[in-house]
Amino acid sequence: MANVGIFVGSSTGATQEVAELLEEQFEGAELINMEEDFDDLEQFDDFDVLLIGSSTWGQGDPQRDWVDPIMELESETPDFSGKKVAFFGAGDQDTHGEEFVSALVKFKTLFAQLGANTEFGYWPTEGYTYKFSAAEKDGKFVGLAIDKINQEDLTEDRVSSWASQLKQEMGL
Ligand SMILES: Cc1cc2nc3c(=O)[nH]c(=O)nc-3n(C[C@H](O)[C@H](O)[C@H](O)COP(=O)(O)O)c2cc1C
C-alpha cells in the first residue's frame, strides 16, 4: 500500500474528527495535525498520497494553522509530481452557506500548481443546502464536504464512502 499522509488543520475539532476516521480507513496512514505535528515542508516528502484537510473560515479562507504552510508552499514551490492528493474539510452550510467549504478549492489549486495529481475524490453536492461554494466544480465538490454543525449524523457514512471511492480511484 502507498504511504498515506493525512495533514489536517482544525480549530474546533470537526475536521480533525474526519481525519481520525480516515486514519482508520487507510491502513498505516499517518495523521499530521498542522498545529501540533507540522514543522517543515519536508514532511510532505514521506508520502505518495496526501489527504489534505481544512475547515473554512472568514470569506472562504483556509483554517489558521494552514496559513504559514501555504505561504511556504507558495514561495518554495516543492515538486509534488507523482503524488496523489485529495481534499476534505468541514464547513457550515447554514450560517456560512455563502462560502460553504470554499477553502477546499484553494488547496486544490495550490497542490495542482505544485505538480500533484489532484483529480481524486470529487464529491456530489446532493444532500447539502448552501447558497454558494467556490469548491463546487461541474456540479461536484472538489473534495469531501462535511458539516458537523447541521448534518453530524451523516459524517461517518460520508467519510467511509469517500474513503472507498479514493481507494478505487487511486488504486490503493
Ligand atoms: C467566524 C466564522 C467563520 C466561518 N466561515 C465559514 C465559511 O466561510 N464557510 C464555511 O463553510 N464555514 C465557515 N465557518 C464554519 C466552520 O468552518 C465550522 O464551524 C467547522 O465545523 C469548523 O471546523 P474545524 O473545527 O475543523 O475547524 C465559519 C465559522 C466561524 C465561527
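1. Two strands are counted as paired here if DSSP finds at least two bridges between them. By that criterion, strands 7, 9 and 8 form an open sheet of three strands in the order 7-9-8, with antiparallel pairing. Strand 7 (123-124) and strand 8 (136-137) each have a single partner strand and stand at the edges, so one side of each is left without a neighbour in the sheet. The pairing of strand 8 with strand 9 (residues 140-141) is antiparallel and consists of two bridges, and Lys137 has Lys140 of strand 9 as its bridge partner.

2. The model under discussion is predicted, and its confidence values should be read alongside the geometry. The chain has a mean pLDDT of 97, with 99% of its residues at 70 or more, while the model as a whole scores ipTM 0.99 and pTM 0.98.

3. A second open sheet is built from five strands in the order 2-1-3-6-10, and here the pairing is parallel. Its edges are strand 2 (30-33) and strand 10 (144-146), each of which pairs on one side only. From one strand to the next, the twist of this sheet averages 20°.

4. Within the five-stranded sheet, strand 1 (residues 4-9) and strand 3 (residues 49-54) are joined in the parallel sense over six bridges. Ile6 takes part in this pairing, its bridge partner in strand 3 being Leu51. Helix 3 (residues 103-113) packs on the sheet, where it touches strand 3 and strand 6 (84-90), and its direction makes about 165° with that of strand 6. Helix 4 (residues 155-170) lies across strand 3, strand 6 and strand 10, and runs at about 170° to strand 10. Strand 3 and strand 6 are therefore met by both helices, given that residues are in contact if their C-beta atoms, placed from the backbone, lie within 7 Å.

5. Turning to the ligand, 23 residues surround it, and the closest are Ser10, Thr12, Thr15, Ser55 and Gly91. The elements that give two or more residues to this shell are helix 1 (14-25) and strand 4 (56-57). Helix 1 supplies the largest share, three residues. Sorted by class, the shell holds 14 polar, six nonpolar and three charged residues.

6. As to annotation, an unreviewed UniProt entry carries "domain: Flavodoxin-like" over residues 4-167. In the model, the end C-alpha atoms of this span lie 11 Å apart, and the span is 28% helix and 22% strand. The label itself comes from the UniProt record, whereas the distance and the percentages are computed from the model.

Definitions and conventions
Residues numbered from 1 in each chain as written. Predicted model: local features only at pLDDT ≥ 70, side-chain atom pairs only at ≥ 80, totals over all residues. Helix = DSSP H or I, 4+ residues; strand = E, 2+ residues; numbered from the N terminus. Axes fitted to C-alpha atoms, helices over the stretch in contact; angles between N-to-C directions. Contact = placed C-beta atoms within 7 Å. Near = placed C-beta within 6 Å. Nonpolar A, V, L, I, M, F, W, Y, C, P; charged D, E, K, R; others polar. UniProt positions renumbered as here; feature names shortened; annotations may be inferred. pLDDT = per-residue confidence, 0-100.
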